[in-house]
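Visitor: Please pick one part of this model and take me through it closely. Keep the rest short, and start with the yardstick for what is covered.

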Amino acid sequence: MRTLLVAAVALSACERAGTTPDFGRPELTRSTLDGTTTCVLSKGRVGCRGDNTRGLVGSGDLRRDVEAYRAVRIPTRVVDLAMTPTRNAVCALDVHGDVWCWGINLGLLGPDVPRYRGHAPAPSIAPPTRVAGMPPIASVTLWAFHACAVSRAGQVYCWGVNDRGQVADPHVVARRVVLTPRAVSLPAPAQGMYLQDAQTCALLSDRSLSCWGGNFADDAGRRPLFEPTQVATDVTEVSVDQRSEQSCVVAAGGRQCWSARDDDTDRQFDALFPADLD
């Protein structure tokens, strides 16, 4: 991990070049689903404010609330931001294709940060940490507990919680959390990722949609489904509603939607794909 000293020097040089950010007028804004933490992007730099009980402000401390935007120290110019819908983590994509993540390490911050296991969170909170093990990245997508990135060549890499096969790792019992990004084999380059709590889908360059994870089953009803499986072709639209956790796809066969929900004891699935979609 690059040190904060290097980051400070880089940011000072950036400021001398006349690229001081205006966090009040950002080019990009990301917020948690409850709106309690917000991060913005201005002139290649990130600023965050709000609830910091899980380190989302990016300073590596546990100051509870941060009212004004605080600059997040990342040593290179940032071009995109992604945030979990819950207050877990933020990831920034820099101009070189590196991914930097911060917050509480429930699996998204890599192996260099102690993983949070339900005890005192301080050792599990980290400032921006580079996620190693990937080539230059073009985009990154987060859900609450797992993440996927698409490289500039269209290769997909996923990491984080894998208890229902979200990371497409078949060793689900031994590897409930995958800390190092895992390459996912797909039949064509990916153009976009669509995540829910227990599933992952990739829209490919041939306009097909491949999905994997806990609420997908094969023809025999076995789940989780670890191997990416084509679920739609001639796709024109894919959407994920964060509040309802409902995914919808508009494709050659029309519009189809499926969803997952929580109860007090376990995660129940309203539908198994592809057998009984709405």
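Guide: A residue is buried at under 20% relative accessible area, exposed at over 50%, and partly exposed in between (1.4 Å probe, protein chains only). Helices (H or I, at least four residues) and strands (E, at least two) are DSSP runs, numbered from the N terminus. With those terms, look at β11: six of its six residues are buried, and the strand is mostly covered.

A word on the source. This is a predicted model, in which local features need pLDDT of at least 70 and side-chain atom pairs count only at pLDDT 80 or more, while totals for chains, interfaces and linings use all residues. Residues are numbered from 1 along each chain as its sequence is written, and side-chain values use heavy atoms, with hydrogens and water left out.

Now the sheet around β11. Its order is β9-β10-β11-β12, four strands in an open sheet with antiparallel pairing. The edges are β9 (137-142) and β12 (177-184); each has a single partner strand, so one side of each lacks a neighbour in the sheet. From one strand to the next, the twist averages 15 degrees. For that angle, axes are lines fitted to C-alpha atoms, for helices over the stretch in contact, and angles run from 0 to 180 degrees between N-to-C directions.

Take the pairings in order. Two strands pair if DSSP finds at least two bridges between them. β9 and β10 (residues 146-151) run antiparallel and are joined by five bridges. One point to find on screen is S139, whose bridge partner in β10 is V150.

Next comes β10 with β11. Here too the sense is antiparallel, over five bridges. C148 faces a cysteine: C158 in β11 stands opposite. β10 and β11 form a hairpin with four residues between the strands. In that hairpin, G154 takes a positive phi near 90 degrees.

The other flank of β11 is β12. The two strands run antiparallel and share five bridges. Opposite G160 stands V178 in β12. So much for the pairings; turn to the packing.

A nonpolar core is a set of buried Ala, Val, Leu, Ile, Met, Phe, Trp, Tyr and Cys residues joined through side-chain atoms within 4.5 Å. The largest such core has 19 residues, and the members that touch the most others are V99, M134, V140 and W159. Two or more of its residues come from each of β6 (89-94), β7 (99-104), β9, β10 and β11 (156-161). Another core lies apart from this one, with 18 residues, including W143, A188, M193 and A202.

Two of those contributors, β6 and β7, belong to a second open sheet. Its four strands follow the order β5-β6-β7-β8, with antiparallel pairing. Its edge strands are β5 (78-83) and β8 (125-130), and each pairs on one side only. The twist again averages 15 degrees from one strand to the next. β7 and β8 run antiparallel, joined by four bridges. The bridge partner of G103 in β8 is A126.

Two serines are worth a look further along the chain. S210 sits in strand β15 (residues 209-213). With 3% relative accessibility, S210 is buried. A contact means heavy atoms within 4.5 Å. Leaving aside residues up to four places away in sequence, S210 touches L186, T200, C201, A202, L204, P228, T229 and Q230. A202 among these neighbours is also in the core of 18 residues.

The second serine is S259, in strand β19 (residues 254-262). Its relative accessible area is 10%, which counts as buried. C248 lies eleven residues from S259 in sequence, and their C-alpha atoms are 8.8 Å apart.

Last, the whole chain. It holds one helix and 20 strands. Of its 278 residues, 50% are buried. Take the contacts between residues at least 6 apart in sequence: 45% of them join residues at least 24 apart.

Back to the strand we began with. β11 has antiparallel bridges to β10 and to β12. It gives two or more residues to the largest core, and six of its six residues are buried.
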